[in-house]
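Biologist: Could you take a close look at one part of this model for me, and explain it slowly enough for someone in a first year of study? I would like to hear about the second largest pocket and then about what surrounds it in your account.

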Amino acid sequence: MAGIQEFIGSMSKAKGFARPNKYEVVFNLPALLNSSIDARQLTLHCNTIGWPGHDLQTQSRKLASEPGIEMVQSHAFAGTVSATFYLDTEHSERFLFEQWQELAVNRYTHKANYYNDYIGQMEIYQLSSEATQDENGKMSGKEIRTYGTKVHDVYPATISATEYTYEVAEAIQLLTVSFNYRQHLPINIHDGNKYPTI
């Protein structure tokens, strides 16, 4: 019984658990990207996103017949960030990502461009609810950022194929995009940035 009470106490102290449907992603697009779509639309239309990984790279060290140990030599920011987006009827989101890829390599001349011309930034936040009380004593919850990471040197490496079918007439068309990046670093959440932009 003490274990249950400790669990409830730890949950209360931690202000609850993180929820996978409480998130915000903010795109800082490359300066050269001339697009009619507002980056905020990407925030609103982002249906799913994966939090980027981080791993320690090791090298085995063994002396004589002793059990070996794995010693950390360096670290890496593993994999890609994969996200899905709701597509509007004009495929504005797809067009933006295609334009972004054009900054990296011209699809007609096939020539690659400068790295700094096509990289952007991405911020991913865990959201939670902050209990607030109005002047009448009524309680309500306001979304706040509780944890965040800034993903550096981002670009859309893969725009996945989109499938069509008559079988799910009411479904919303989704677009999957895999982003390459260089590294991600934690964001310090404070009073100046704790509220979502949208």
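Modeller: By class, the lining of the second largest pocket in this predicted model is made up of seven nonpolar, two polar and one charged residues. The residues that line this pocket are Glu163, Tyr164, Thr165, Tyr166, Val168, Ala169, Ala171, Ile172, Gln173 and Leu174, and the space that lies in the pocket comes to about 190 Å³. Such empty space is found by rolling a probe the size of a water molecule over the atoms.

Let us turn next to Ala161, which is found in the loop between β7, residues 139-159, and β8, residues 174-180. Ala161 has a relative accessibility of 77%, and because exposed means over 50%, Ala161 counts as exposed. Measuring along the sequence and through space gives two separate descriptions of a pair, and for Ala161 and Asn28 these are 133 residues in sequence and 24 Å in space, taken from C-alpha to C-alpha.

Strand β7 also takes part in salt bridges, of which the structure holds six in total. In one of them, the side chains of Asp153 and Arg182 meet at 2.7 Å, N to O. Asp153 lies in strand β7 whereas Arg182 lies in the loop between β8 and β9, residues 183-187, so this pair ties together parts that are 29 residues apart in sequence. The two partners can also be described by their accessibility: Asp153 is buried, with a relative accessible area of 8%, while Arg182, at 48%, counts as partly exposed.

Another salt bridge joins the side chains of Arg145 and Glu24, with a distance of 2.8 Å from N to O. This pair links distant parts of the chain, since Arg145 is in strand β7 and Glu24 is in strand β1, residues 23-28, with their positions 121 residues apart in the numbering. Both Arg145 and Glu24 are buried.

A further salt bridge is formed by Arg107 with Glu102, and here the closest N and O atoms are 2.7 Å apart. Arg107 is partly exposed, with a relative accessible area of 44%, and Glu102 also counts as partly exposed, at 24% relative accessibility. The cut-offs help in reading these values, because a residue is called buried under 20% and exposed over 50%, with partly exposed in between.

Terms used: Residues numbered from 1 in each chain as written. Predicted model: local features only at pLDDT ≥ 70, side-chain atom pairs only at ≥ 80, totals over all residues. Heavy atoms only, no water. Helix = DSSP H or I, 4+ residues; strand = E, 2+ residues; numbered from the N terminus. Buried < 20%, exposed > 50% of the residue type's maximum accessible area, 1.4 Å probe, protein only. 1 Å grid on protein atoms, 1.4 Å probe; cavity = no way out; pocket = protein on both sides within 12 Å on 5 of 7 lines; lining within 4 Å. Points joined across faces, edges and corners; volume = space filled by probe spheres on them. Nonpolar A, V, L, I, M, F, W, Y, C, P; charged D, E, K, R; others polar. Salt bridge = Lys/Arg side-chain N within 4 Å of Asp/Glu carboxyl O.
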